[in-house]
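Thank you all for making the time this morning. I would like to take you through one structure, moving slowly enough that you can follow along on the screen.

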Amino acid sequence: MLALYYGPGACSMASHIVLEESGEKYEPKRMDLAKGEQRTDDYLKKNPLGRVPLLQLDDGSHLAENTAILPYLGKRFSLWPADGIGEAKALSTIGFFAASVHPAHAHVGRPERYTADQSALPGIKEMGLKTFHGYLKQIDGMLAGREWLSDKYSVLDPYALVFYTWGVRRELPMAEMKNYTAFKDRMTKRPAVQRVLEDEKVKV
Ligand SMILES: N[C@@H](CCC(=O)N[C@@H](CS)C(=O)NCC(=O)O)C(=O)O
């Protein structure tokens with residue numbers, strides 16, 4: 001059986017939604033990131049990176065990183081493009097999310113990771129928020145005229161929802177992004193999404 005280590009409101013929410021929608025039995029393993037549970041010796045043995053999400057596979061081994069976990073779950077639950085070009089495009093979107101959108105937000109939430117100079121923290125946060133906002137607008141553009149990011153609903157969509165909720169958390173003008181907001185409304189109609197938002201106490 002699969003098990004997911006996740007933190008409420010974190011990027012692990014994407015995998016959490018996928019597992020919840022899959023209908024397959026899995027073990028949710030909730031972590032308190034604010035308390036630093038991701039840095040305990042026990043957890044670091046499972047994931048030396050000290051982050052969530054972490055997926056425990058059927059054989060008991062562990063898989064880290066959204067860029068690996070989401071395609072794996074997508075293939076397992078038919079939430080992944082079947083053709084080569086569709087798959088390449090999905091990987092391109094996941095790469096953009098994990099390597100650009102997420103780190104921009106990390107400059108807002110964890111600016112101390114980017115400088116030793118305390119006086120530079122506000123500037124890093126401010127620039128991080130601007131960059132993050134710009135990326136959200138790009139996601140809004142990617143959703144123009146389409147229901148989902150890929151040709152059909154896929155693991156990309158719960159990942160995109162994570163960043164929408166982070167925009168809400170940072171009080172960005174999310175309603176101005178019409179395509180992204182309509183997408184969020186479609187997502188929050190899904191019962192599994194509702195269950196996860198309730199479990200993680202995330203506002204949208
Ligand atoms: N590149 C990783 C990033 C994972 C990551 O940074 N997760 C955050 C939550 S969104 C985390 O575990 N934060 C705890 C920490 O930084 O100590 C991925 O995409 O899976």
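I will begin with the sheet, go on to the helix packing and the ligand shell, and end with two local backbone features.

Please keep in mind throughout that what you are looking at is a predicted model.

Let me start with the sheet, which is open, has 4 strands in the order β2-β1-β3-β4, and shows mixed pairing. Its edge strands are β2, covering 26–30, and β4, covering 62–64, each of which pairs on one side only. If one ignores direction, neighbouring strands of this sheet are turned against each other by 20° on average. As a general reminder, strands of a sheet pair through backbone hydrogen bonds, either parallel or antiparallel. In the case of β3, residues 54–56, and β4, the two strands run antiparallel and are joined by 3 bridges, and within that pair Leu-55 of β3 stands opposite Leu-63 in β4.

Helix α1 packs on this sheet, where it touches β1 (2–6), β2 and β3, and the direction of α1 makes about 150° with that of β1.

The same helix comes up again in two helix pairs, so to speak of the one with α6 to begin with: α1 and helix α6, residues 156–169, pack at an angle of about 135°, with their axes 8 Å apart. Angles over 145 degrees would count as roughly antiparallel and 65 to 115 as roughly perpendicular, so α1 is oblique to α6. The crossing of these two helices is right-handed. From α1, the residues Met-13, Ala-14, Ile-17 and Val-18 meet Pro-158, Tyr-159 and Val-162 in α6, and by class this contact has 7 nonpolar residues, with no polar and no charged ones.

What, then, is the geometry of α1 with α8? The axes of α1, residues 13–22, and of α8, residues 191–200, come within 9 Å and cross at roughly 130°, which makes α1 oblique to α8. Here too the handedness can be stated, since α1 passes α8 in a right-handed crossing. On the α1 side we find Met-13, His-16, Ile-17, Glu-20 and Glu-21, and these meet Ala-192, Val-193, Arg-195, Val-196 and Glu-200 in α8. The class composition of this contact is 5 nonpolar, 1 polar and 4 charged residues. You will notice that Met-13 and Ile-17 of α1 are listed in the contact with α6 and also in the contact with α8.

Let me turn to another helix pair, formed by α3, residues 66–76, and α4, residues 84–109, whose axes come within 10 Å and cross at roughly 150°. In this pair α3 passes α4 in a right-handed crossing. The residues that meet are Asn-66, Thr-67 and Leu-70 in α3 with Ile-94, Gly-95 and Ala-98 in α4, and they divide into 3 nonpolar, 3 polar and no charged.

Asn-66 brings us to the ligand, because that residue is one of the closest in a shell of 13 that surrounds the ligand, together with Ala-10, Cys-11, Arg-51 and Val-52. By class, this shell has 6 nonpolar, 5 polar and 2 charged residues.

Val-52, just named among the closest residues to the ligand, is also joined to Pro-53 by a cis peptide bond, with omega at about 0°. Pro-53 itself is placed in the loop between α2, which covers 41–46, and β3.

The last feature concerns Ser-78, which has a positive phi of about 55° although it is not a glycine, and which lies in the loop between α3 and α4.

Conventions:
Residues numbered from 1 in each chain as written. Predicted model: local features only at pLDDT ≥ 70, side-chain atom pairs only at ≥ 80, totals over all residues. Axes fitted to C-alpha atoms, helices over the stretch in contact; angles between N-to-C directions. Parallel < 35°, antiparallel > 145°, perpendicular 65-115°, else oblique. Left-handed = near helix turned anticlockwise from the far one by under 90°. Contact = placed C-beta atoms within 7 Å. Nonpolar A, V, L, I, M, F, W, Y, C, P; charged D, E, K, R; others polar. Pairing = 2+ DSSP bridges. Near = placed C-beta within 6 Å.
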